[in-house]
Amino acid sequence: MDTRRLKDLIARKLMFMLCIGILSIVFLIAVGLYIRSLPILVRSGIRDILFSSLWRPTEGRFGLAAFVAGTVWVTTISMVIAIPLGIFTALYLSEYCHKRTRELVKPVIDVLAGISPVIYGFWGMVTIVPLVRDHIMPFCVGHFPFFPFLSDNYTGFCVLTAGIVLAVMVLPIIIAIAEEVLSGVPFSMREASLALGATKWQTVKGVVLKKARPGIFAAVILGLSRAFGETMAVLMVAGCAMHVIPRSLFDPAYPLPALIANTYGEMMSIPLYDAAVLLAALMLFLVTVLFNIVGWKILGRMEDEA
Amino acid sequence: MYYRTHISVKNLNVSYGSQKVLNDISIDIPDKKITAIIGPSGCGKTTLLKSFNRLLELQEGVSIKGQVLVDGEDINDPNVEVTHLRKKMGLLFQRPQVLPMSIYENVAYGPRLHGIKDRKALDDAVSHYLKEATLWDEVKDRLHKPASRLSIGQQQRLCLARGLAVEPEVILGDEPTSALDPISAERIERKLLDLKNRYTIVLVTHILRQARRLADYIIFLYMGNLVEHGPVEDFFENPKDPKARAYISGQFIESSDA
Amino acid sequence: MDRRNLEEGFFKIIMAGSAIITVMSLIFILSTVFIKGLPALSIDMIIKTPQGGYYIGREGGILNAILGSLAIGTGATALALAVSLPVVFYLHIYRRKKSKFSKMVRFFLDVLWGVPSIVYGAFGFTVMIFFGLKASLIAGIFTVALLIIPIMARSIDETLRMIPFEMNESCLALGSTRWELAAKVITRQAFPGILTAALISFGRGIGDAASVLFTAGFTDYIPYSLFKPVATLPLAIFFQLGTPFPEVRQRGYASALVLTLLILAVSVVARLMSKKFVRNIIK
């Protein structure tokens, strides 16, 4: 065997090993986090941890319910804002706007996606927090004194603020994927509908959206997953202080990722603390992986069909 | 007329997935002649051509059965070094595919791979093969400019020079003139005629006149089957198979993209 | 005007409005960063490290975080390139387009793309404990590399998809081995794309905080050893915004501006690069 062939063979084997490495990372993360969180699982059992909202590390109580609830709250709010905004923007870009507008807006979306999460948090702290504190909350509490607007947290660091910041963060993901899916709908389908005398909006509603529906669903799922796992921005604006289940838009929330980030300093000092926190990380990992599997499977299937 | 055989195909069957593309082809390709593979589009011409240097195996979902012997050696034998096999065969595509480097580097690419390091020897090889491909005069002042800036016709001649520079024994052409303007096409044709004393040349073409002008030997494929083959005069003057007769007289509708 | 046109007009306004809100939010964010950051920025801010502790000391600048972020970003990008390039090249050169294996690797990369950075941070942390490492530059580099590998690999993958299959064929037809095809031809053809991918990943790497929180730590000093903690811009923002001292918060504002400028610069350069290095590229 000559050296050229040998080089080729070695390169091939090494590259293959790296591919296997990539494949194994997912399992390594799962196993690594599982092993580290095993002590708490052995002692308390998953049900006790998930359904108890009692978080007193010094007493050995590690109920995660309040954090799970916080995550669900802020993710829901962010999705309520981001889904319509994202889909309508994507529709506008792919169906309605001028080509030049699209070429101007697309880099904006890229930049929005590239901005550091901490910058989002910073922006939320100096603009959205005062906005919610001084305007939105007084207005809502004054006019709608009922659920979900009642709260005695007047700081502005709350579920709603975190939801707004998160919504802007996941917008670029939803827009980019939805826009790509929409552009993938064959032009001939639109033509067929327009030829039957449908208006543009009827075509979009009846043909384009119908065809693109699974892909848009995937875009939403992937955006949701990003919102679910986002840490720093939420940590900075959600008012992560109290370990209670939020009952209002204006209550502070303490989502899971923020819990993980916030306890890094102290978690080795109290027994089982690190296990509980890494269990939270494992849960986060499993949920986001699940969301991503669903989202990318859908997109993959659409690509295969095209 | 007696031909010495260079490439010998025995019971070649090729399919993509469930679709059969070549059906039990057995044919001998004569040495130092121009052989033209003709037939209506989709009949497996390119597939047959690419089976000679094992480029076929890069295709998606392909399965190859049967033998291809080059100089009496089965090219699908696991002991055959595929790079050596491919070195023996220069390949021209429909559209010239230059490599992302300078004109000089494009021609020197092959010799470098096959062990020539000496600068002087490389310079000589580059100028020799560029002259051989009748491109030298047009590019000698800009050898280190990107090859992508050449015209399509020049690029195809560069590809010819590049192919010749690895010192092949066989030149395979997959409709090498179909993307060119008439003048460039004619230059390539003339060059091929010029080269056939030294190389075995196999061309895929859908232009009957071209096959007639250039070829010594004709292979006619129809729907993956070998229908007729023979020396060019016999084939065109006196085709035996009715399908071949119909094809020659233009009764098949050719799609223009073939 | 009939109902159909009314509906059309209504949704058109909604759609255009959504697009405007999206664009405005970027402008809103950037202007906030500039309005707060510009007054805080000075020469001293950029060339000095914090004096008397980053959290309470009122003097000094953010040089520690700038250099730390650059060190982590560069190291992680280099490491991620060393993994992503071979992986993507393998898929394109040694595997057929529709091979199951390639599909699986791509799918796993997509899934890894969606894993939150805090999970990478937590995973990096468990690996550190396993090896008995402390928070350090090297741990930060490894964790951030893990975070950006999926971004980089998918981006390079897109570039390689653009390369015509005939280029592979014609190169192999000259008798190249596949490795030679990859190293001598594809690398050249894909060079601008690879550069863009590296820059985008670099931008993502220096912007992330959750992954370096556990793994790189924070310090007042400029990076001097692979095995010592380093400061990073995102964490400089996070920590220094949270203090009660206005002077310290200024450092946070300045860090926000510097980080945003860096990321913007990198993305602009990435765009320009992909246009500039096309000399030899076959279109």
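**Exercise 1. Find which residues form a nonpolar patch on the surface of chain A, and place Tyr34(A).**

Step 1. The nonpolar surface patch consists of Val31(A), Tyr34(A), Ile35(A), Leu38(A) and Val42(A). Together they have about 470 Å² of accessible area. Such areas come from the Shrake-Rupley method with a 1.4 Å probe, and for residues only the protein chains shown count as cover. Patch members have over 30% relative accessible area and no salt bridge; nonpolar side chains (Val, Leu, Ile, Met, Phe, Trp, Tyr) are joined within 5 Å, like charges within 9 Å.

Step 2. Tyr34(A) sits in helix 1 (residues 3-44) of chain A. Helices (H or I, at least four residues) and strands (E, at least two) are DSSP runs, numbered from the N terminus.

Step 3. Tyr34(A) counts as partly exposed because its relative accessibility is 42%. The classes are buried (under 20% relative accessible area), exposed (over 50%) and partly exposed in between, with a 1.4 Å probe and protein chains only.

Step 4. An α-helix has 3.6 residues a turn, so residues three or four places apart point the same way.

The model is predicted: local features need pLDDT of at least 70, side-chain atom pairs count only at pLDDT 80 or more, and totals for chains, interfaces and linings use all residues. Residues are numbered from 1 along each chain as its sequence is written, chains are lettered from A and ligands numbered from 1 in the order written, and side-chain values use heavy atoms, without hydrogens or water.

**Exercise 2. Describe the contact between chain C and chain A.**

Step 1. Count residues. Chain C gives 83 and chain A gives 82. Contact means heavy atoms within 4.5 Å.

Step 2. Take the area. The two chains bury about 7300 Å² between them, 79% of it on carbon and sulfur atoms. Buried area is the accessible area (1.4 Å probe) that two parts lose on being put together, summed over both. In chain C, Met15(C), Ile29(C) and Trp113(C) lose the most area to chain A, together 9% of what that side buries.

Step 3. Look for charge pairs. Five salt bridges cross the interface of chain C and chain A. The rule asks for a side-chain nitrogen of Lys or Arg within 4 Å of a carboxyl oxygen of Asp or Glu. Arg4(A) pairs with Glu180(C) in a salt bridge, with closest N and O atoms 2.7 Å apart.

Step 4. Name the main element. Helix 1 (residues 3-40) of chain C supplies 22 residues, the largest share of the side that touches chain A.

**Exercise 3. Decide whether helix 3 of chain B is mostly covered or mostly open, and say what lies around it.**

Step 1. Helix 3 (residues 103-113) of chain B is mostly covered, with ten of its eleven residues buried. Among them are Tyr104(B), Glu105(B), Tyr109(B) and Leu113(B).

Step 2. The cover includes helix 1 of chain A, and helix 4 (119-132), helix 5 (136-139) and helix 6 (152-165) of chain B. Chain C adds helix 7 (165-173) and helix 8 (178-207).

Step 3. After helix 3 of chain B comes Gly115(B), with a positive phi near 105 degrees.

**Exercise 4. Work out the surroundings of Glu169(C).**

Step 1. Glu169(C) lies in helix 7 of chain C. Its relative accessibility is 1%, so Glu169(C) counts as buried.

Step 2. Leaving out residues up to four places away in sequence, Glu169(C) touches Lys50(B), Leu55(B), Leu58(B), Gln59(B) and Phe93(B).

Step 3. The C-alpha atoms of Glu169(C) and Leu181(C) are 9.5 Å apart, at twelve residues' separation in sequence.
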